[in-house]
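Reader: I am new to this structure and should like to be guided through it by question and answer. May we begin once it is in view?

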Amino acid sequence: MQVPQIANIDPAGVVVQLGCTDVLDGFDESYVHARVVEICDELQNVARDAVVTVVGMPPLPSAASSRSVRVWLQCNAAAAITATLRDFAWEPFDHS
């Protein structure tokens with residue numbers, strides 16, 4: 001579901017799951033961070049009463065480059081800070 005559609009249902013809770021496709025496609029931390037900020041800001045406007053949880057990116061494949069791993073770490077850190085600054089919950093990805 002896209003953020004604008006959320007306003008139509010007035011949810012009690014929203015979970016934002018970060019994906020790693022952008023990292024694997026070569027986008028850098030600043031791009032991914034800007035997208036996370038944009039999504040979180042939109043959620044603050046359209047789901048004002050919802051409890052929002054941001055879930056970190058899943059682990060990268062073991063064959064991922066060192067650059068991708070570095071960007072993955074940076075993106076998760078930036079998303080955690082973004083969530084915290086907006087009083088959203090932050091959860092690292094749990095693959096269990």
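Reader: What distance should the 18 residues of helix α3 span, and how far apart are its end C-alpha atoms?

Author: The model is a predicted one, and every value is computed from it. Helix α3 takes in residues 29–46, and at 1.5 Å a residue its 18 residues should span 26 Å. This agrees with the separation of its end C-alpha atoms, which is 26 Å.

Reader: Which residues of α3 are buried?

Author: A residue counts as buried when its relative accessible area is under 20%. In α3 the buried residues are Val32, Val36, Cys40 and Leu43. They cover an arc of only 70 degrees around the axis, so they lie on the same side of α3. The buried residues are therefore a one-sided set: Val32, Val36, Cys40 and Leu43.

Reader: What covers the buried residues of α3?

Author: The cover includes both helices and strands. Among the strands are β1 (13–17) and β2 (51–55). The helices include α1 (3–6), α2 (21–24) and α4 (66–85).

Reader: Where is threonine 82 placed, and which residues is threonine 82 in contact with, leaving aside its neighbours within four places in sequence?

Author: Threonine 82 belongs to helix α4. Its relative accessible area is 2%, so threonine 82 is buried. Leaving aside neighbours within four places in sequence, the residues in contact with threonine 82 are His33, Val36, Val37 and Cys40.

Reader: What is the order of the strands in the sheet?

Author: β1 and β2 are joined in the parallel sense over five bridges. β2 and strand β3, residues 89–91, also pair in the parallel sense, over three bridges. The result is an open sheet of three strands, in the order β1-β2-β3.

Reader: Which strands stand at the edges of this sheet, and what is the average twist from one strand to the next?

Author: β1 and β3 each have a single partner strand, so one side of each has no neighbour in the sheet. The edge strands are therefore β1 and β3. From one strand to the next, the twist averages 20 degrees.

Reader: Which residues are the bridge partners of glycine 13 and valine 14 in β2?

Author: Strands of a sheet pair through backbone hydrogen bonds, either in the parallel or the antiparallel sense. Here β1 and β2 pair in the parallel sense. Glycine 13 has valine 51 as its bridge partner in β2, and the partner of valine 14 is valine 52.

Reader: Which residue in β3 is the bridge partner of valine 55, and what is the handedness of the crossover from β2 to β3?

Author: In β3, valine 55 has glutamate 91 as its bridge partner. The chain passes from β2 through α4 to β3, a β-α-β crossover, and its handedness is right-handed.

Reader: At what angle does α4 run to β3?

Author: α4 lies across two strands, β2 and β3. Its angle to β3 is about 160 degrees.

Reader: How many residues of β2 are buried, and which residues form the covered face of β1?

Author: Four of the five residues of β2 are buried, so β2 is largely enclosed by the rest of the structure. β1 has an uncovered face made of Gly13, Val15 and Gln17. The covered face of β1 is formed by Val14 and Val16.

Reader: What is the phi of aspartate 10, and what is the phi of aspartate 87?

Author: Most residues other than glycine have a negative phi. Aspartate 10 is in the loop between α1 and β1 and is exposed, with a relative accessible area of 57%. Aspartate 87 is in the loop between α4 and β3 and is exposed too, at 74%. Phi is positive in both, near 45 degrees for aspartate 10 and near 60 degrees for aspartate 87.

Reader: Is proline 4 buried or exposed, and what separates its C-alpha atom from that of leucine 43?

Author: Proline 4 is in helix α1. Its relative accessible area is 55%, so proline 4 is exposed. Proline 4 and leucine 43 are 39 residues apart along the chain, and their C-alpha atoms are separated by 8.6 Å.

Reader: Where does glycine 56 lie, and is glycine 56 buried or exposed?

Author: Glycine 56 is in the loop between β2 and α4. Leaving aside neighbours within four places in sequence, its contacts include Gln17, Leu18, Trp90 and Glu91. At 1% relative accessibility, glycine 56 counts as buried.

Technical notes
Residues numbered from 1 in each chain as written. Predicted model: local features only at pLDDT ≥ 70, side-chain atom pairs only at ≥ 80, totals over all residues. Heavy atoms only, no water. Expected span 1.5 Å × (residues − 1). Buried < 20%, exposed > 50% of the residue type's maximum accessible area, 1.4 Å probe, protein only. Arc of directions from axis to C-beta. Contact = heavy atoms within 4.5 Å. Pairing = 2+ DSSP bridges. Right-handed = clockwise from strand over helix to strand, strands pointing away. Axes fitted to C-alpha atoms, helices over the stretch in contact; angles between N-to-C directions.
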